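Work through these exercises with the model open beside you. Try each task before you read its solution.

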Amino acid sequence: MTLVRVPPPLAQDVDLSKTYDAVIVGSGAAGGMAAHVLTTRGLKVLMLEAGKKLPIEQELRSMQWPYDHPRRGDAPPGYHSLSFNEYTIRTPPYAKSSTFQHVMSYVGGWGGSDYVKNILVDEKDHPYTGTKYAWVRARALGGKTNIWGRLALRLSDYDFKGKTHDGYGDDWPISYADVEPYYDKVDLYLGISGVKENLPHLPDSLFQRPNKLTFGEVRLRESLKRMGRVLTPYRAGVTTDGLKHNRYRSKCYGRGACDRRPGGCDIHAVFDSPTGLIYPAMDTGNLTIRTNSVAHEVLVDRNTGKARGIGFIDSATHKSYEAKAKVVIVAASTLESARLLLLSRSPQHPNGIGNSSGHVGHNFCEHVMGPGVTGLVKDLVGKPPTLDDGRPGGFYIPRFRNLKERQPGFVRGYGFEGSGGFSIFPGNAMGTPGFGAQFKKEVRDHAGAFIGMGAFGEVLARYENYVDLDPDAKDAWGIPVLRFHYQFGDNERKMCEDMVVAGREMLETAGIEVVGTDEKILTEGWSIHELGTARMGSDPKTSVLNQFQQSHDVKNLFVVDGSSHVSASCQNPTWTIMALAWRSCEHLADEFRKGTL
Amino acid sequence: MTDAAHHDARVAESLSRREMLEVTAAALAAPLLQLGPAAAQPALQTAPKFFTGPELALLDELAELIIPADAHSPGARAAGVAAYVDFRLAESLEPEQQTKWRSGLAAVDALSQELNGQAFLQGSADQRVAALTRMAAGEQDPKTPAEHFFQELKRSTVRAYYSSKIGIHADQEYKGNVYQRGEFAGFDAQ
């Protein structure tokens with residue numbers, strides 16, 4: 001029952017005169033996994049991270065009471081988080097001409113900007129241009145895994161073989177059977193909580209103790225069962241039973257701070273890349289890390305055309321450096337990885353490295369969100385408070401559209417995330433009309449009686465949705481920035497209409513009064529599930545990577561993050577990113593030993 | 001209740017990254033501190049940082065009228081709502097926010113003059129409730145300056161009160177933010 005408070009391992013000195021076996025750009029879920037697999041296989045690895053190494057427990061302060069914080073969790077004056085209105089009315093770069101000293105993405109405005117102000121990038125230093133896009137970036141060791149939403153789902157052959165199923169887009173060059181063993185490895189190495197449901201379209205993981213459902217959630221689950229649908233406890237990338245092999249992470253104690261902040265867990269029961277992957281990799285003695293290292297070019301050997309390392313700028317000193325390696329692994333996030341490939345132009349690779357197909361930046365996809373419903377469970381009104389939020393998440397309703405039957409109007413599907421019951425802040429207070437003793441009592445009596453859910457839907461991968469480099473705009477380090485050419489289409493709009501109808505129907509069928517619906521589609525990017533841009537495939541003319549996330553063009557270049565995904569599916573991507581990176585890096589290590597890279 | 005209102009309810013209940021955004025962000029821009037009773041009651045315990053003494057006393061009374069002490073729990077006054085708003089406005093770098101509050105309080109007194117022939121705090125308890133009732137009448141669709149100010153006032157009061165020690169523990173009797181041992185939260189996972 002003791003909490004694990006082991007300090008990070010001592011860092012190894014960076015030696016830029018030496019040629020490492022592999023250099024990894026990025027330290028999030030993908031980069032961390034690459035480091036884990038390759039160092040375990042004995043490769044000497046250098047990891048470059050653009051952001052700082054933060055004293056993360058001090059940033060997150062997971063159990064701080066709101067009233068013990070001088071601004072109840074808000075950042076000090078001078079910080080501003082972008083709002084939906086700003087994303088809607090304006091066009092990127094959103095922080096341009098802002099009078100605020102620091103501008104954060106919308107996640108900062110999500111109930112606790114002070115806890116993420118050093119994790120999220122300052123939009124002022126990191127502009128982008130083009131179409132509207134709510135691009136959320138975290139530059140810090142561990143990247144977005146420091147604050148991720150934790151929903152850890154598998155893909156199935158409905159996703160990997162989507163074209164075979166419904167004719168749209170392209171199949172992945174792999175099937176579920178190829179990835180299943182690696183999902184298992186990820187489950188066992190990192191820990192995941194959930195309940196087996198035996199669904200062909202949402203395969204089970206090797207689960208640790210599940211989280212319980214609240215009263216309203218159980219009622220909805222029972223009703224959905226009669227409709228032939230499933231509500232399952234949140235499949236959380238959280239170790240609920242603990243991990244004997246990892247001394248940097250505690251098991252989950254259901255402390256209940258999970259849902260009132262942008263995320264993060266200061267005892268690391270929630271998976272994050274530093275404690276889950278990077279510190280253990282450092283313990284092998286094979287991993288060296290350099291933070292504050294902004295990669296801007298994959299360096300190319302002029303004779304062979306192969307990758308020879310990474311050109312980067314120190315974020316603090318603005319000095320330029322080169323890191324030399326036999327293999328280059330790009331894991332900078334879907335959009336940053338595409339940017340890095342496009343930036344890496346050379347006589348051998350005039351369109352950017354690995355881009356002979358012209359597909360880098362294209363087939364960009366993600367999840368669409370916004371529509372949702374809120375219901376009132378009448379039986380719960382006036383009931384005494386219970387501990388309902390002592391868990392990393394509420395529930396998940398897996399996709400039910402376009403599996404056996406065909407839904408008119410759109411292809412593919414969506415799932416719902418939601419929760420019901422008491423939480424630290426009675427959200428109903430904002431919407432309860434009036435004032436005075438009656439108002440106060442009504443807030444109290446209803447605080448635990450609501451249940452709400454919002455959908456995440458698959459955005460189709462389209463060649464014409466893409467990013468490229470802006471010819472003029474540059475970031476704070478003088479590096480050309482991304483320009484977006486990306487918009488939801490008709491399939492997403494039709495799907496979003498159906499989300500509202502279906503959500504309403506599900507609550508009503510359960511006897512839960514629908515008291516609110518959201519029809520609004522949130523800005524592109526809002527889901528923070530951007531994918532595609534360097535997709536895998538068997539044909540080098542229409543894809544960037546092979547099934548092992550290895551560049552078709554450059555044998556010693558791998559891109560192991562979400563940019564490799566062929567389609568978005570509607571399941572949250574982190575677990576798949578890690579399973580694929582594990583699979584690819586095992587292949588990489590084998591080929592490295594054989595000398596074929 | 002409006003959709004937007006219930007949206008707020010759901011937002012606070014859920015989830016990952018739904019649109020917590022403006023509502024929450026704006027609401028958060030308000031709320032803290034220890035502050036004694038005001039106005040007709042004993043003097044404030046802390047010196048105002050942004051507001052004048054009379055403004056702070058007016059705000060303190062308005063907050064207490066919105067969330068009053070009752071048999072169940074203390075109200076906004078005991079929770080220090082006015083002092084928290086004062087602190088946040090004093091350090092704010094947004095002059096338009098400061099102006100909004102100052103002119104909002106002035107609008108309350110103007111409305112009270114119109115209705116009762118005297119400033120808000122000079123009115124009787126019934127007269128104060130009558131003025132606030134008038135301000136709250138436009139809650140869903142505010143038109144007058146006083147009605148617009150009511151929205152801001154209520155949002156900030158709610159945010160400050162329910163994130164205070166009194167709001168979380170005495171009123172809501174919140175059970176979480178503790179290390180659970182043994183039986184974990186929830187109703188039933190079956």
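**Exercise 1. Chain B in outline**

In what order do the elements of chain B run from the N terminus on?

Solution. Keep in mind that this is a predicted model. Start at the N terminus of chain B and write down each element: α-α-α-α-α-α-α-α. Next, take the totals: chain B has eight helices and zero strands. Last, look at burial. Of the 190 residues in chain B, 51% count as buried.

**Exercise 2. Two helices of chain B**

At what angle do the axes of α3(B) and α4(B) cross, and which residues make the contact?

Solution. Step one: locate the helices. Helix α3 of chain B covers residues 53-66, and helix α4 of chain B covers residues 81-91. Step two: take the axes. They come within 8 Å and cross at roughly 130°. Step three: name the arrangement. Angles from 65 to 115 degrees count as roughly perpendicular, and those over 145 as roughly antiparallel. The crossing angle therefore makes α3(B) oblique to α4(B). The crossing is right-handed. Step four: list the contact. From α3(B) come L56(B), L59(B), D60(B) and A63(B); from α4(B) come V81(B), A82(B), V85(B) and D86(B). Step five: sort by class. The contact of α3(B) with α4(B) has six nonpolar, no polar and two charged residues.

**Exercise 3. A second helix pair**

Are α7(A) and α13(A) roughly parallel or roughly perpendicular to each other?

Solution. Begin with the axes. Those of α7(A) and α13(A), the latter at residues 574-594, come within 8 Å and cross at roughly 110°. The two helices are therefore roughly perpendicular to each other. Now the contact. α7(A) supplies V179(A), Y182(A), Y183(A), K185(A) and V186(A). α13(A) supplies W575(A), M578(A), A579(A), L580(A), W582(A) and R583(A). Sort these by class: nine are nonpolar, none is polar and two are charged.

**Exercise 4. A covered helix**

How many of the eleven residues of α9(A) are buried?

Solution. Find α9(A) at residues 273-283; ten of its eleven residues are buried. Among them are S273(A), P274(A), L277(A) and Y279(A). Then ask what covers them. The buried residues of α9(A) pack against α1, α2, α7 and β7 of chain A. Finally, step past the helix. G285(A) follows α9(A) and has a positive phi, near 85°.

**Exercise 5. A sheet and its helices**

Which strands form the edges of the six-stranded open sheet in chain A?

Solution. Write out the order first: β6-β12-β13-β14-β11-β17, with antiparallel pairing. The edge strands are β6 (232-233) and β17 (513-518) of chain A, each pairing on one side only. Now look inside the sheet. Strands β13(A) and β14(A) run antiparallel and are joined by seven bridges. In this pair, G415(A) stands opposite F456(A). Then add the helices. Helix α8 of chain A, residues 215-226, packs on the sheet and touches β12, β13 and β14 of chain A. The direction of α8(A) makes about 55° with that of β14(A). Helix α12 of chain A, residues 490-509, lies across β11, β13, β14 and β17 of chain A. It runs at about 20° to β11(A).

**Exercise 6. One residue in a strand**

Is E458(A) buried or exposed?

Solution. Place the residue: E458(A) lies in strand β14 of chain A. A residue is buried if 20 or more other C-beta atoms lie within 10 Å of its own. E458(A) has 31, so this residue is buried. Then check its contacts beyond four places in sequence. They include H367(A), R412(A), A568(A) and C570(A). Compare Q438(A): it is 20 residues from E458(A) in sequence and 44 Å away in space, C-alpha to C-alpha.

**Exercise 7. Backbone exceptions**

What is the sign of phi in T533(A) and in E173(B)?

Solution. Recall the rule: most residues other than glycine have a negative phi, and most peptide bonds are trans. Phi of T533(A) is positive, near 80°. T533(A) sits in the loop between β17 and β18 of chain A. It counts as buried because it has 33 C-beta neighbours inside 10 Å. Phi of E173(B) is also positive, near 50°. E173(B) is in the segment after α8 of chain B. With 15 other C-beta atoms within 10 Å, E173(B) is partly exposed. Finish with a peptide bond. The one joining P92(A) and P93(A) is cis, with omega about 0°. P93(A) lies in the loop between α3 and β4 of chain A.

Technical notes
Residues are numbered from 1 along each chain as its sequence is written. Chains are lettered from A and ligands numbered from 1 in the order in which they are written. This is a predicted model: local features need pLDDT of at least 70, side-chain atom pairs count only at pLDDT 80 or more; totals for chains, interfaces and linings use all residues. Helices (H or I, at least four residues) and strands (E, at least two) are DSSP runs, numbered from the N terminus. A residue is buried if 20 or more other C-beta atoms lie within 10 Å of its own, exposed if 12 or fewer, and partly exposed in between; C-beta atoms are placed from the backbone. Two residues are in contact if their C-beta atoms, placed from the backbone, lie within 7 Å. Two strands pair if DSSP finds at least two bridges between them. Axes are lines fitted to C-alpha atoms, for helices over the stretch in contact, and angles run from 0 to 180 degrees between N-to-C directions. Angles under 35 degrees count as roughly parallel, over 145 as roughly antiparallel, 65 to 115 as roughly perpendicular and the rest as oblique. A crossing is left-handed if the near helix is turned anticlockwise from the far one by less than a right angle, and right-handed if clockwise. Ala, Val, Leu, Ile, Met, Phe, Trp, Tyr, Cys and Pro count as nonpolar, Asp, Glu, Lys and Arg as charged, and the others, Gly among them, as polar.
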